[in-house]
Amino acid sequence: ISKDNKTIFFTRNSVNKKQKSLDGTQKLHIYQADIVRETIFSLMELKFNSKEYNCAHPAISDDGKTLYFASDMGGGSGGMDIWYVKMGPDGSWGTPLNMGNKVNTPGNELFPYITGNLLYFASNGHEGLGGLDVYETKIKDYKAGKVYNMGKPVNSEHDDFAYYVSDSLKKGFLSSNRKTG
């Protein structure tokens, strides 16, 4: 959800049952909608979605002009990569750009979250504690800096992902399949 609480971005399967990929599956797509008085209006599928690859886990920048997401579209490093797309002057989304090999690996990079100039994401391709781990990098001019593993207690030997941190950077949430819940 955008910082002004007026726009929501989300992932779901294509609603068009005829939109199966060549491998016979329905791929994940990103949708955008306006929020007016707690009701969703103007639902639209983003134009860079495709029936041949997944687009998922959207995260909008603080200014609402850059959308980060995960995709296995061509031109990536392998698996799912983190991509971003900028909003044009007319309010339409441009062409997605790959975050590059500081962030992306031959493994999977998923669940981006952006706050200020900090990008958080989950990966099983960077050296970590096991499974998916959460990483942080500073973004400057759409380029990633050094990538840091968030370490314990954020990460564990299980899958840790979908990190969210408050604007104060003092409290956060994450998803995990740790046995302790």
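The following paragraphs describe the pockets and nonpolar cores of a predicted model.

The largest pocket has a volume of about 310 Å³, and among the 15 residues that line this pocket, Ile 1, Pro 58, Ala 59, Ile 60 and Tyr 113 are the closest to its centre. Two or more residues of the lining are given by each of strand 4 (55–60), strand 8 (109–115) and strand 13 (160–165). In character, the lining of the largest pocket comprises twelve nonpolar residues, one polar residue and two charged residues.

The second largest pocket holds about 180 Å³ of space, and its lining includes Ser 2, Lys 3, Asp 4 and Thr 7, together with Ile 60, Ser 61, Asp 62, Asp 63 and Gly 64. Here the lining divides into three nonpolar, five polar and four charged residues. Ile 60 thus appears in the lining of the largest pocket and also in that of the second largest pocket.

In soluble globular proteins, nonpolar side chains tend to be buried together. The largest nonpolar core of this model has 18 residues, and those with the most contacts inside it are Tyr 68, Ile 82, Met 99, Val 103, Leu 119, Phe 121 and Ile 139. At least two residues of this core come from each of strand 5 (66–71), strand 6 (81–86), strand 8, strand 9 (118–123) and strand 10 (133–140), with strand 9 supplying the largest share, three residues. Apart from this core lies another, of 13 residues, which include Phe 9, Cys 55, Ile 60 and Phe 69.

Leaving aside residues up to four places away in sequence, Tyr 68 touches, among others, Pro 58, Ala 59, Met 99, Leu 119 and Ile 139.

Notes. Residues are numbered from 1 along each chain as its sequence is written. This is a predicted model: local features need pLDDT of at least 70, side-chain atom pairs count only at pLDDT 80 or more; totals for chains, interfaces and linings use all residues. Side-chain values use heavy atoms; hydrogens and water are left out. On a 1 Å grid over the protein atoms alone, a cavity is a set of points where a 1.4 Å probe fits but cannot get out, and a pocket is an open set with protein on both sides within 12 Å along at least five of seven lines; lining residues have an atom within 4 Å of a point. Grid points are joined across faces, edges and corners, and a volume is the space filled by probe spheres set on the points. Helices (H or I, at least four residues) and strands (E, at least two) are DSSP runs, numbered from the N terminus. Ala, Val, Leu, Ile, Met, Phe, Trp, Tyr, Cys and Pro count as nonpolar, Asp, Glu, Lys and Arg as charged, and the others, Gly among them, as polar. A nonpolar core is a set of buried Ala, Val, Leu, Ile, Met, Phe, Trp, Tyr and Cys residues joined through side-chain atoms within 4.5 Å. Buried means under 20% relative accessible area, exposed over 50%, partly exposed in between (1.4 Å probe, protein chains only). Contact means heavy atoms within 4.5 Å.
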